[in-house]
Amino acid sequence: MNLSPEYLQKKTLWSVSELNRNARAMLEQTFPLLWVSGEISNLKRYPSGHWYFSLKDQNAQVRCVMFRHKNIYLDWLPQDGMQVEAQVLVTLYEARGEFQLAVELLRRAGLGALFEAFERLKNKFQQEGLFDAQRKRPLPPSPRQIGVVTSPNTAALRDVLTTLRRRMPSLPVVIYPAPVQGEGAANHIAAALQIAARRAECDVLILCRGGGSIEDLWAFNEEIVARAIAASPIPVVTGIGHETDFTIADFVADARAPTPTGAAQLVSPDRYELLHRLQQWQHRFQQAMQRSLERRMQATDLFAHRLVHPGERLLNQQIHLKQIGDRLFRAWNSQQEARKWHIDTLKRRLDTRKPDIPLRIERQQELAARLQRAMTHKLEKLTIDLSRLHKHLAHLDPEAVLARGYSIAYTAHGDILHDRRQIDKGDGIRVIFARGWAKANVSETGE
């Protein structure tokens with residue numbers, strides 16, 4: 001649309017439709033997508049799902065419209081009198097010539113500080129190159145094991161496990177539990193990512209949680225989580241919130257899915273799709289062979305129509321036709337067998353992905369028997385050592401010395417009597433025997 005000053009000066013007569021159409025184009029080209037704050041009034045929700053309301057402040061108001069495909073992602077319900085911030089496109093409703101704002105996003109007032117912090121961190125990481133496409137790693141087409149970092153009690157985890165079970169039941173899953181909301185959640189998420197990286201037991205990681213407000217999802221906008229994702233040696237796929245929710249983690253991750261279910265679909269092959277593709281290949285091959293046979297049969301009919309009646313030429317043509325048919329049949333059988341062998345190979349490969357439960361049970365029983373034998377051997381060794389120590393202690397037992405005819409004498413104060421200088425004539429002493437004891441008085445001492 002030409003809106004140059006020269007064109008506007010040359011245009012001498014405008015229709016109402018032309019005027020409104022050009023005014024709308026000029027408004028949309030002049031004003032970028034911007035944020036407007038104000039109070040909601042005269043909110044009306046139509047059966048079509050579209051919302052119409054006004055944004056006002058103390059001095060002015062403006063008409064607004066938020067279409068259904070924009071407002072269905074809001075997790076809260078606006079009401080008259082609410083202070084809000086709206087991301088809008090300035091436009092004109094041509095049919096009535098009314099100036100209005102087309103609302104793209106709507107948030108409660110007061111969230112602007114969070115969005116500013118979000119933008120600051122986003123710009124910081126963008127300058128560092130953490131969002132660059134060349135640093136993002138491709139996802140494995142057929143992972144051997146998938147890790148999930150999320151809270152164990154969330155619907156997001158159930159959605160991921162249900163999707164993985166439906167698409168590829170034999171695919172093992174490791175859950176690295178971490179709270180995804182609240183104080184300290186970011187530290188727990190980063191720690192879970194580090195544990196997964198240290199164990200190196202998975203080919204790809206899913207970082208997910210369900211939808212929520214920007215405050216609920218703020219743990220995924222923390223720098224510690226973004227750094228942990230960037231440092232992970234394992235590719236990370238995020239499935240955080242709804243399709244319209246974007247976090248710093250989404251930009252740093254190797255791939256982003258709109259939902260937890262989408263993340264599970266992104267990292268796992270679909271067994272039904274694989275089987276369907278195999279069936280499609282087989283069907284296409286059969287169709288190609290059928291068309292080839294039909295073309296050859298049609299060509300045979302054409303040649304037969306051109307044949308002259310001499311019997312020898314007719315016989316030669318029939319022999320040649322039979323040879324072609326035999327060669328075609330052999331080629332068709334050979335290709336059928338090759339395709340069948342390929343399909344059987346793919347089926348066997350799919351079957352090998354299933355865990356061998358009987359083998360693992362046998363291995364578990366073998367390890368239990370080995371543990372039992374080791375424990376029995378250890379107990380026997382401890383029993384022998386205990387018996388040896390008991391005999392050794394028996395030799396040191398003072399009661400055993402007494403049993404051999406010795407006795408122990410104590411002074412009146414309870415001290416063991418070693419030297420005659422510890423007592424004087426007339427002192428009382430106490431003598432301990434192997435059986436019993438006696439008191440005595442010293443009548444005489446000597447060297």
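In these legends, contact means heavy atoms within 4.5 Å, and the model shown is a predicted one.

**View 1. Helix α2 and what covers it.**
Helix α2 takes in residues 16-30. Its buried residues are N20, N22, A25 and L27. So what sits over them? Among the parts that cover these buried residues are β4 (83-93) and β5 (98-108). You can also check the helix with a bit of arithmetic: at 1.5 Å a residue, 15 residues should span 21 Å, and the end C-alpha atoms of α2 are indeed 21 Å apart, so the two agree.

**View 2. Strand β9, tucked away inside.**
Look for residues 236-240, which make up β9. Five of the five residues here are buried, so the strand is largely enclosed by the rest of the structure. Which way do they point? V236, T238 and I240 go one way, while V237 and G239 go the other, and all of them are buried.

**View 3. The strands on either side of the pairing with β9.**
Strand β8 (residues 204-209) runs parallel to β9, and five bridges join the two. In this pairing, R209 sits opposite I240 of β9. To get from β8 to β9 the chain passes through helix α7 (residues 223-231), making a β-α-β crossover that is right-handed. Strand β10 (residues 255-257) also runs parallel to β9, this time with three bridges. Here T238 is the residue to find, since it stands opposite R256 in β10.

**View 4. Helix α5, with one face turned inwards.**
This helix covers residues 155-167. Which of its residues are buried? They are A156, L157, V160, T163, L164 and R167. Looking down the axis of α5, you would find these buried residues within an arc of 135 degrees, so they line one face of the helix. A general rule helps here: an α-helix has 3.6 residues a turn, so residues three or four places apart point the same way. On the other side of α5, R158 and R165 are exposed. The length works out too: 13 residues at 1.5 Å each should span 18 Å, and the end C-alpha atoms are 18 Å apart, which agrees.

**View 5. A192 in helix α6.**
A192 belongs to helix α6, residues 185-199. Is A192 buried or exposed? With 5% relative accessibility, A192 counts as buried, because anything under 20% does. Setting aside neighbours within four places in sequence, A192 is in contact with V149, Y176, P177 and A178. P179 is 13 residues away from A192 along the chain, and their C-alpha atoms are separated by 9.9 Å.

**View 6. E201 and a polar contact.**
E201 is in the loop between α6 and β8. Its relative accessibility is 32%, so E201 counts as partly exposed. Which side chain does E201 join in a polar contact? Y176 is the partner, at 2.7 Å. Leaving out neighbours within four places in sequence, E201 is in contact with Q145, V174, Y176 and A196. The C-alpha atoms of E201 and R144 are separated by 9.1 Å, with their places 57 residues apart along the chain.

**View 7. T247, a buried loop residue.**
T247 lies in the loop between β9 and α8 (248-252). With a relative accessible area of 1%, T247 is buried. What does T247 touch, apart from neighbours within four places in sequence? It is in contact with F118, L217, F220, N221 and I240. You've already met I240, which is one of the buried residues of β9.

Technical notes:
Residues are numbered from 1 along each chain as its sequence is written. This is a predicted model: local features need pLDDT of at least 70, side-chain atom pairs count only at pLDDT 80 or more; totals for chains, interfaces and linings use all residues. Side-chain values use heavy atoms; hydrogens and water are left out. Buried means under 20% relative accessible area, exposed over 50%, partly exposed in between (1.4 Å probe, protein chains only). Helices (H or I, at least four residues) and strands (E, at least two) are DSSP runs, numbered from the N terminus. Two strands pair if DSSP finds at least two bridges between them. A crossover is right-handed if, with the strands pointing away from the viewer, the path from the first strand over the helix to the second runs clockwise. The expected span of a helix is 1.5 Å times one less than its number of residues. The arc is that of the directions from the helix axis to the C-beta atoms. A polar contact is a pair of N or O atoms within 3.5 Å; within protein, one must be able to donate a hydrogen and the other to accept it, and residues adjacent in sequence count only if both atoms are side-chain atoms.
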